[in-house]
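Here's a quick tour for anyone meeting this one for the first time. Have a look at the picture, then read on.

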Amino acid sequence: MKIWQVLGRGEGFVRDGRLSGFELNGVVSADGPNEAFEKAISLAKLEWPELAQSDEKRLPWAVINADEVEDITARLSVDVDMIELFWDEQAST
């Protein structure tokens, strides 16, 4: 098990009646980078249930993409399984 820093971005989420996106930043423990990203999203969904919109398969759909998943095990000691999410409204075009 390693410690991973996960950075991600979401777009196309309806939140409080508005189209929103977000930046996700967190540190999780997992076996690999794919598992780390999945764990970060699962943890974020516990606090922000609107992220479940990305599970729906209809157009247009909300998406969550990984920007970076980096192994930080050997670099520093940090609290693990912690996620921060910063919402921003998206301009409708």
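## Charges

How far apart are the mean positions of the positive and negative charges of the chain? They sit 3 Å apart, with 9 positive charges and 19 negative ones going into those means.

## How far to trust it

Keep in mind that this is a predicted model. The chain averages a pLDDT of 89, and 90% of the residues score at least 70. Confidence is highest in helix 1 (residues 33-47), at a mean of 97. It's lowest in strand 4 (residues 82-89), where the mean is 90.

## The overall layout

The chain's secondary structure comes to one helix and four strands. Start at the N terminus and you'll meet them in the order β-β-α-β-β. The C-alpha trace spans about 45 × 25 × 20 Å along its principal axes.

What about links between stretches of sequence? Take the contacts between residues at least 6 apart in sequence: 74% of them join residues at least 24 apart.

## Inside and outside

The chain has 93 residues, and 32% of them count as buried. As for the outside, about 6,100 Å² is exposed, with carbon and sulfur atoms supplying 49% of that area.

Serine 20 makes a handy example. It's found in strand 2, which covers residues 18-30. Is serine 20 buried or exposed? Its relative accessibility is 5%, so serine 20 counts as buried, the cut-off being under 20%. Now jump 19 residues along the chain to lysine 39: the C-alpha atoms of serine 20 and lysine 39 are separated by 22 Å.

## A cluster of rings

Search the whole structure and three aromatic pairs turn up. One of them joins phenylalanine 13 and phenylalanine 22, whose ring centres are 5.3 Å apart; with 55° between the planes, this pair is tilted. Both partners are tucked away: phenylalanine 13 counts as buried because its relative accessibility is 0%, and phenylalanine 22 is buried too, with a relative accessible area of 1%.

Phenylalanine 22 also pairs with tryptophan 87, this time edge-to-face, at 5.2 Å centre to centre and 65° between the planes. That pair links distant parts of the chain, since phenylalanine 22 is in strand 2 and tryptophan 87 is in strand 4, 65 residues apart. Put together, ring pairs link Phe13, Phe22 and Trp87 into a cluster.

Conventions: Residues numbered from 1 in each chain as written. Predicted model: local features only at pLDDT ≥ 70, side-chain atom pairs only at ≥ 80, totals over all residues. Heavy atoms only, no water. Helix = DSSP H or I, 4+ residues; strand = E, 2+ residues; numbered from the N terminus. Buried < 20%, exposed > 50% of the residue type's maximum accessible area, 1.4 Å probe, protein only. pLDDT = per-residue confidence, 0-100. Phe/Tyr/Trp six-rings, centres within 6.5 Å; stacked < 30°, edge-to-face > 60°. Contact = heavy atoms within 4.5 Å. Areas by Shrake-Rupley, 256 points an atom, 1.4 Å probe, with all protein chains shown as cover. Lys, Arg positive; Asp, Glu negative; His and termini not counted. Charge placed at Lys NZ, Arg CZ, Asp CG, Glu CD.
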